[in-house]
Amino acid sequence: MAALLSEYPPSAQQLTLRVRKLLLRIIPDVHEHVYPSWRLISFRMGSGDQHKICWLAPQRFGVTLGFERGAELPDPNGLLTGEAKQARNVHVRSAKDVDVPAIAALVAAAVALHRDR
């Protein structure tokens with residue numbers, strides 16, 4: 001992960017690590033997998049692609065938190081963006097964006113959705 005993050009400014013690295021800490025706290029038995037060529041970190045509840053919950057993609061000015069089944073998640077705060085069939089994203093630009101309960105609620109909902117399938 002250090003090699004992946006080293007390509008980004010320190011502020012983006014710190015923000016990515018802050019969101020990662022949130023994910024590690026909320027997702028039970030989480031497995032991380034770094035995809036250097038895709039420039040993202042995948043978070044799973046089990047091994048294999050079918051267990052993907054979300055991913056982090058560092059950006060020059062923040063980090064994108066993507067949800068594998070984001071189109072199915074409740075989003076009363078309107079944080080999710082994207083037009084893909086299933087996936088949706090939240091663009092995190094500052095530390096205060098990470099600390100909002102709505103981000104944690106999206107992660108918890110993604111975990112619940114995974115358990116229900």
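The following legends describe an overall view and several close-up views of a predicted model of one protein chain.

**Figure 1. Overall fold of the protein chain.** The predicted model contains four helices and five strands. Read from the N terminus, these elements follow the order α-α-β-β-β-β-β-α-α. Along the principal axes, the C-alpha atoms occupy a box of roughly 35 × 30 × 25 Å. The radius of gyration is 13 Å, and it agrees with the value near 13 Å that a compact globule of 117 residues would have. Of the 117 residues, 42% count as buried. The accessible surface amounts to about 6500 Å², and carbon and sulfur atoms hold 53% of this surface. Among the contacts with a separation of 6 or more, 47% join residues that are 24 or more positions apart.

**Figure 2. Span of the annotated domain.** An unreviewed UniProt entry carries the annotation "domain: YdhG-like" for residues 13–111. In the model, this span is 29% helix and 29% strand. The C-alpha atoms at the two ends of the span lie 25 Å apart.

**Figure 3. The largest nonpolar core, with Leu23 as a reference residue.** In soluble globular proteins, nonpolar side chains tend to be buried together. The largest nonpolar core of this model has 29 residues, and the members that touch the most others are Leu23, Ile27, Leu65 and Phe67. At least two core residues come from each of α2 (10–26), β2 (40–44), β3 (52–59), β4 (62–67), β5 (88–92) and α4 (101–116). Helix α4 provides the largest share, namely seven residues. When neighbours within four places in sequence are set aside, the contacts of Leu23 are Phe43, Cys54, Leu56, Leu65 and Val107.

**Figure 4. Surroundings of His114 in helix α4.** His114 is part of helix α4. Its relative accessibility of 12% falls under the 20% limit, and His114 is therefore classed as buried. Beyond the residues up to four places away in sequence, His114 touches Met45, Gln50, His51, Ile53 and Arg69.

**Figure 5. The aromatic pair of Tyr35 and Trp38.** A pair of aromatic rings is described by the distance of the centres and the angle of the planes. One aromatic pair is found when the whole structure is searched. It is formed by Tyr35 and Trp38, whose ring centres are 4.9 Å apart and whose planes meet at 15°, so the pair is stacked. The angle criterion behind this assignment is that planes under 30 degrees apart count as stacked. The two partners belong to opposite accessibility classes: Tyr35 is buried, with a relative accessible area of 16%, whereas Trp38 is exposed at 54% relative accessibility.

**Figure 6. Contacts of Leu4 in the N-terminal helix.** Leu4 belongs to helix α1, which comprises residues 2–5. With a relative accessible area of 4%, Leu4 is buried. Outside its neighbours within four places in sequence, Leu4 is in contact with Val34, Pro36, Arg39, Leu40, Ile41 and Pro58. Leu4 and Tyr35 are 31 residues apart along the chain, and their C-alpha atoms are separated by 8.5 Å.

**Figure 7. Backbone and accessibility at Arg39.** Arg39, one of the contacts of Leu4, is located in the loop between β1 and β2. Most residues other than glycine have a negative phi. Arg39 is not a glycine, yet its phi is positive, at about 60°. The relative accessibility of Arg39 is 44%, and this residue counts as partly exposed.

**Figure 8. Backbone and contacts at Asp29.** Asp29 sits in the loop that connects α2 to β1 (31–35). This residue also has a positive phi, of about 50°, without being a glycine. Asp29 is exposed, with a relative accessible area of 67%. Residues up to four places away in sequence being excluded, Asp29 touches Arg44, Met45 and Gly46. Met45 is also among the residues that His114 touches. Asp29 and Ala109 are separated by 80 residues in sequence and by 16 Å in space, C-alpha to C-alpha.

Conventions
Residues numbered from 1 in each chain as written. Predicted model: local features only at pLDDT ≥ 70, side-chain atom pairs only at ≥ 80, totals over all residues. Heavy atoms only, no water. Core = buried A, V, L, I, M, F, W, Y, C linked by side-chain atoms within 4.5 Å. Buried < 20%, exposed > 50% of the residue type's maximum accessible area, 1.4 Å probe, protein only. Contact = heavy atoms within 4.5 Å. Phe/Tyr/Trp six-rings, centres within 6.5 Å; stacked < 30°, edge-to-face > 60°. Rg over C-alpha atoms; globule rule 2.2 N^0.38 Å. Areas by Shrake-Rupley, 256 points an atom, 1.4 Å probe, with all protein chains shown as cover. UniProt positions renumbered as here; feature names shortened; annotations may be inferred.
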